[in-house]
Amino acid sequence: MGNLTKAEPSILHNLAIHAPENTPQWSNVRGKNLKALNSTAFPHRKIEEWRFTDLKPIERTEFVPLSEAGVLPATDIEKYFIPESDRSRLVFINGRFQEKYSSIGGLGKGVTVGNLNANASHETVSSYFDKLVNYEEDVFTMFNGVMFEDGAFIHLEKGAKAEAPIQVLNLYTDASKPFVATPRMLVVAEEESDVTIIEDHIGLSENRYLTIPVCEVKTKKGAHIHHVRIQRDSINALHVSRPIAYVEKNAEYHSYTITLGAKLSRNEPRVVQEDEEVNFTLDGLVLIDGEQIADTHSVMDHRFSHANSHQLHKVVVNGSAHSIFNGKIFVRRDAQKIDSFQENRNLLLSIDGLVNTKPQLEIFADDVLCSHGATIGQLDPEEVFYLQSRGMTEEKAKEVLTYAFALETIENVKVESVHKLLIEEVYRYTKANSVEKVTA
Amino acid sequence: MSETKALETMIGEEYKYGFTTDVEYEDFPKGINEDVVRLISEKKDEPEWMTEFRLKAYRAWTEMEEPTWFNATYEKPKFDTLQYYSAPKNKPKLNSLDEVDPNIRETYEKLGIPLEEQKMLSGVAVDAVFDSVSIFTTFKEKLAEAGVIFCSISEAVKDHPELVKKYMGSVVPVRDNFYAALNSAVFSDGSFCYVPKDTICPMELSTYFRINNMNSGQFERTLIIAEENSHVSYLEGCTAPMYDEHQLHAAVVELIALDNAEIKYSTIQNWYSGDEEGRGGIYNFVTKRGACRGKNSKISWTQLETGSAVTLKYPSVILQGDNSVGEFFSVAVTNKRQQADTGTKMIHIGKNTKSTIISKGISAGRSDNSYRGQVKISKKADNARNYSQCDSMLIGQTCGAHTFPYIESANPTGKIEHEATTSRVGEDQIFYLQQRGISEDDAISLIVNGFCKEVLKELPMEFAVEANKLLGIKLEGSVG
Amino acid sequence: MRHTNKSFLKQKLNQKETIVLELKNLHAEVEGEGIEILKGVNLKVNKGEIHAIMGPNGSGKSTLAKVVAGHPEYEVTGGDIIYNGESILEMDPDERAHAGVFLAFQYPVEVPGVTNTTLLRESYNTIAASRGREELDPLEFDDYIREKLDLVEMNPDFLERSVNAGFSGGEKKRNEIFQMAVLQPTLSLLDETDSGLDIDALRVVSDGINKLHGEEDAIVLITHYQRLLNYIIPDFVHVMIGGKIVKSGGKELAFELEEKGYDWLESLAKVNGEAK
């Protein structure tokens with residue numbers, strides 16, 4: 001694509017000179033990424049992948065380097081704790097690790113829950129950290145690779161089953177000026193291990209910040225990972241996330257991403273099949289309103305035979321919000337007996353909302369069963385009428401149906417308190433939007 | 001796998017139309033510049049406004065870049081060495097069939113398109129385009145009785161300048177895209193059709209395109225206008241000889257349907273597709289677009305794409321009139337090294353507009369077959385509806401099938417449904433049919449035919465036979 | 001061995017005329033997997049006869065039907081299949097169909113976009129051509145199949161539907177018998193035709209089969225349950241276990257099986273197997 005910097009260096013290029021200096025263990029990683037960053041241009045809308053998403057809000061913000069993590073009252077932090085994870089929690093504020101609030105080592109032998117800086121010499125970290133990232137000419141991952149302060153490290157030894165879900169809590173505080181956070185995660189589940197991870201991003205006020213979480217996941221033979229990702233950034237935040245997971249033989253990786261916050265979010269989940277007989281899920285729920293722009297570009301990369309994969313991406317758009325979805329399903333040559341299904345359902349509630357979707361199948365093997373379906377529309381008038389005939393007001397009927405529409409996506413979230421929390425979020429969204437909805 | 005082989009032989013059958021016709025050509029310089037554009041205009045004895053149109057397009061083209069966004073790789077055409085105009089020496093415009101070069105007449109006979117009216121399928125009028133010029137148009141008088149104008153675009157420029165001026169470039173502006181701009185600058189000939197108000201065109205209209213000259217590109221231009229309450233069905237067929245060099249075909253087709261008018265446009269595209277190694281074959285870079293300008297108007301595209309080395313083609317409908325309808329039915333078969341990136345655009349602007357897309361892609365050999373489509377519901381298109389179904393079938397393991405649908409809605413009362421599947425010819429299906437006495441080849445034919453059925457049934461009867469031959473498929477229910 | 005005796009030859013000739021199917025120590029395995037499923041099946045079926053092959057799940061009875069019809073998934077590794085006096089091992093499935101072999105599938109296959117009429121006309125005419133019967137034009141054919149429809153009490157609408165696509169289990173099974181009626185095979189292999197049928201449908205299908213059966217054809221019924229044999233009375237019953245026919249008898253064998261279950265014969269099979 002010849003994406004070398006011809007243009008002006010972007011704000012990210014400029015900020016990259018402020019890389020953390022107190023972590024010699026990462027100097028190689030930072031150096032490599034800085035080199036790459038300096039020869040890569042900031043993307044623009046003429047590039048197909050960015051066709052519908054304007055990054056000017058990022059380019060035009062005067063971000064400043066943040067020297068301190070920021071101090072928060074304990075209650076502000078603790079209210080986001082999920083009770084199931086009292087023995088297994090990692091807390092980060094603006095990308096910096098908070099040992100005081102974290103709970104490590106509580107899951108016993110075989111399960112490592114910690115921060116990357118402290119585990120830099122861990123064999124697994126040296127084998128995988130920053131090596132699983134695979135985004136083409138992507139300034140965001142490179143920038144993260146230069147700037148990350150610390151990160152979450154989760155490792156399960158062979159056969160280890162985490163008895164409790166692990167919460168990775170990312171909080172973003174109010175700072176006087178817009179700042180950039182670069183959270184990082186590395187999850188390696190060795191053979192036959194099993195873990196559930198709740199990754200949460202929460203903005204504590206309405207300020208502008210840019211967060212670029214990069215997450216690397218390795219699911220080894222027979223391992224199972226459930227990965228719930230909740231994005232509740234501030235209403236003025238910018239969020240660009242890069243979660244990538246590799247799945248080995250007989251392994252399962254199931255991910256559920258719930259997008260609620262941020263002014264502009266760009267989420268690029270990827271799953272790469274590394275051997276036969278795998279099973280993966282890449283579900284998403286997007287609830288947006290106002291001026292929000294939520295963009296999901298996903299990749300499900302089938303490289304070997306015998307995979308079952310599933311993606312349900314549901315979107316509700318209200319106000320002047322704009323949703324973008326591009327779901328790529330690749331089936332490489334010789335990857336036979338693939339059963340892959342993608343479904344993208346968009347509910348467009350308002351006259352000013354906009355939905356762009358591009359489901360994309362790229363198939364190079366003949367013995368596969370791949371399909372996708374995409375719909376954009378409003379609530380089914382028949383269903384609204386049915387509920388009205390049972391005595392509900394039109395407004396109430398629409399609220400109920402929107403709620404039901406959104407709920408399907410979170411049914412697979414098995415951690416009780418998180419499930420409850422998500423139901424509340426869905427409820428809050430549908431409730432808050434129930435008045436405007438009548439416009440259609 | 002034996003089924004693969006059988007299907008490959010079926011759809012990869014020797015190209016039957018690859019012969020060349022020995023014709024003496026007028027001299028014409030190679031390459032392109034303003035003088036060449038003027039020369040084309042001069043050769044065609046065009047009025048000043050037409051020359052200006054061409055020059056404007058040419059200037060626009062020189063500022064444009066060749067597109068690269070599609071899913072195909074090929075050696076770019078050499079615009080400097082291409083010949084932009086190619087006319088057999090034995091012309092002038094013919095009024096009697098006797099004056100047509102006997103070699104050319106024979107060519108059309110061989111292609112199964114006899115130019116004698118009595119030999120033709122009754123009910124089909126043909127405009128025969130050979131390289132850059134329209135050779136002969138049949139049934140002109142009969143159509144004139146009904147008020148329908150059907151002639152070459154060159155004649156239309158002279159005889160109906162007000163219509164051409166008004167509509168040419170109104171659906172596909174000269175700056176629309178790289179190849180449309182090039183076409184607008186150098187288009188040589190093509191068909192023109194005007195159906196007046198309250199008229200149902202009494203017969204099927206058809207153009208048969210033939211590229212014969214090895215070094216020439218073909219840039220034809222088609223313009224069809226259906227006035228209020230009129231109806232026309234138009235068919236288009238294409239073949240070319242086998243050469244080792246690639247040939248460029250960059251046509252522009254514009255359709256305009258006014259209130260309550262209906263245009264049905266069908267194509268069987270069987271340009272030479274190149275050999276096993278990808279040598280030769282046509283680059284088919286065509287801009288086809290229809291505008292449903294009037295209320296309740298309807299434009300329907302049906303295409304059976306089997307030829308060409310590289311196809312980039314997206315017959316589209318702009319649904320401006322309220323309650324207008326756009327349809328796209330497509331079967332695209334690729335084999336050997338063919339690359340097809342084809343689909344449609346349905347742009348909903350008017351209220352209560354409806355569109356349907358049915359696309360069937362079959363890939364075999366080492367080919368790549370892509371569906372690329374856009375469905376857009378604009379802010380004001382209340383109650384717009386789209387349904388799309390894009391199915392792919394892969395045969396063998398060295399080909400690819402791709403689906404790139406772009407879907408956009410800015411209106412909450414609009415509704416878009418898109419489905420896509422990928423499958424293959426199942427071994428169990430073949431065995432089942434074989435057990436019923438049907439040979440393996442025929443079994444595959446039947447299955448492929450079944451796969452394409454929703455599209456094939458949209459082809460006019462006159463084309464169904466050719467479609468049948470092309471796919472090597474015994475068409476079902478050919479009687480009744 | 002020496003058989004110069006004239007009466008023996010005569011007898012052999014007669015026999016050749018009446019034997020429709022003969023399986024000689026037939027061994028077959030799944031192509032490429034080396035798992036033997038048929039382990040030496042012997043069977044003789046004469047014209048005018050109905051044979052029932054019964055057996056528990058996994059005994060190889062469905063495989064037997066598929067192997068006779070020439071399914072490419074199976075490889076014959078030993079023995080022979082003699083049909084009308086000739087080995088058909090080298091014949092493609094369609095050639096076997098031309099010769100009059102018909103398989104009613106346990107799981108009839110869906111062929112979207114191809115109507116029943118199209119399939120049957122295509123099928124009827126290719127078979128007719130190879131058997132020297134007259135081919136029918138679409139109009140004649142239409143008349144011909146409509147009368148066959150009544151035999152299985154099917155609605156004519158069904159002719160214009162895609163082959164088996166969206167059919168219920170019962171409809172698919174009826175469709176198989178309808179096809180049998182249209183194609184008039186010499187040897188019909190009916191694989192679990194009764195499964196998935198309710199009692200009314202079972203009666204209709206059985207009546208149809210009984211009407212179709214005559215002196216010139218033979219039927220091999222493959223079934224797990226004795227139920228079907230209340231409607232179609234077999235001349236012979238064979239029990240297949242572990243890829244072999246372990247017991248043959250008259251129709252009363254079916255009742256005995258129903259009463260005693262397959263365990264009874266499974267132990268028998270074991271004993272025989274060990275004795276060898």
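Among contacts in chain C between residues at least 6 apart in sequence, what percentage join residues at least 24 apart? The answer for chain C is 72%, and I should say at once that what we are looking at is a predicted model.

Let me stay with chain C for a moment, which holds 9 helices and 12 strands, and whose C-alpha trace spans about 60 × 45 × 40 Å along its principal axes. Its radius of gyration is 19 Å, which agrees with the value near 19 Å that a compact globule of 276 residues would have, and 42% of those 276 residues count as buried.

Turning to where chain C meets chain B, the contact draws 25 residues from chain C and 23 residues from chain B. On the side of chain B that touches chain C, α9 (427–435) and α10 (440–456) each supply at least two residues, with the largest share, 8 residues, coming from α9(B). Sorted by class, that side of chain B has 6 charged, 9 polar and 8 nonpolar residues.

Finally, I would like to look at one helix in chain A, namely α2 (residues 27–38), whose 12 residues reach 16 Å from the first C-alpha to the last, close to the 16 Å expected at 1.5 Å a residue. Within α2(A), the buried residues are A:Arg30, A:Asn33 and A:Leu37, and, seen down the helix axis, the buried residues fall within an arc of 75 degrees, so they line one face of the helix. Those buried residues of α2(A) pack against α1 (11–15) and α6 (139–147) of chain A, whereas the face turned away from the buried side carries the exposed residues A:Ser27, A:Asn28 and A:Lys35.

Key. Residues are numbered from 1 along each chain as its sequence is written. Chains are lettered from A and ligands numbered from 1 in the order in which they are written. This is a predicted model: local features need pLDDT of at least 70, side-chain atom pairs count only at pLDDT 80 or more; totals for chains, interfaces and linings use all residues. Two residues are in contact if their C-beta atoms, placed from the backbone, lie within 7 Å. Helices (H or I, at least four residues) and strands (E, at least two) are DSSP runs, numbered from the N terminus. Ala, Val, Leu, Ile, Met, Phe, Trp, Tyr, Cys and Pro count as nonpolar, Asp, Glu, Lys and Arg as charged, and the others, Gly among them, as polar. The radius of gyration is taken over C-alpha atoms; the globule rule is 2.2 Å times the number of residues to the power 0.38. A residue is buried if 20 or more other C-beta atoms lie within 10 Å of its own, exposed if 12 or fewer, and partly exposed in between; C-beta atoms are placed from the backbone. The expected span of a helix is 1.5 Å times one less than its number of residues. The arc is that of the directions from the helix axis to the C-beta atoms.
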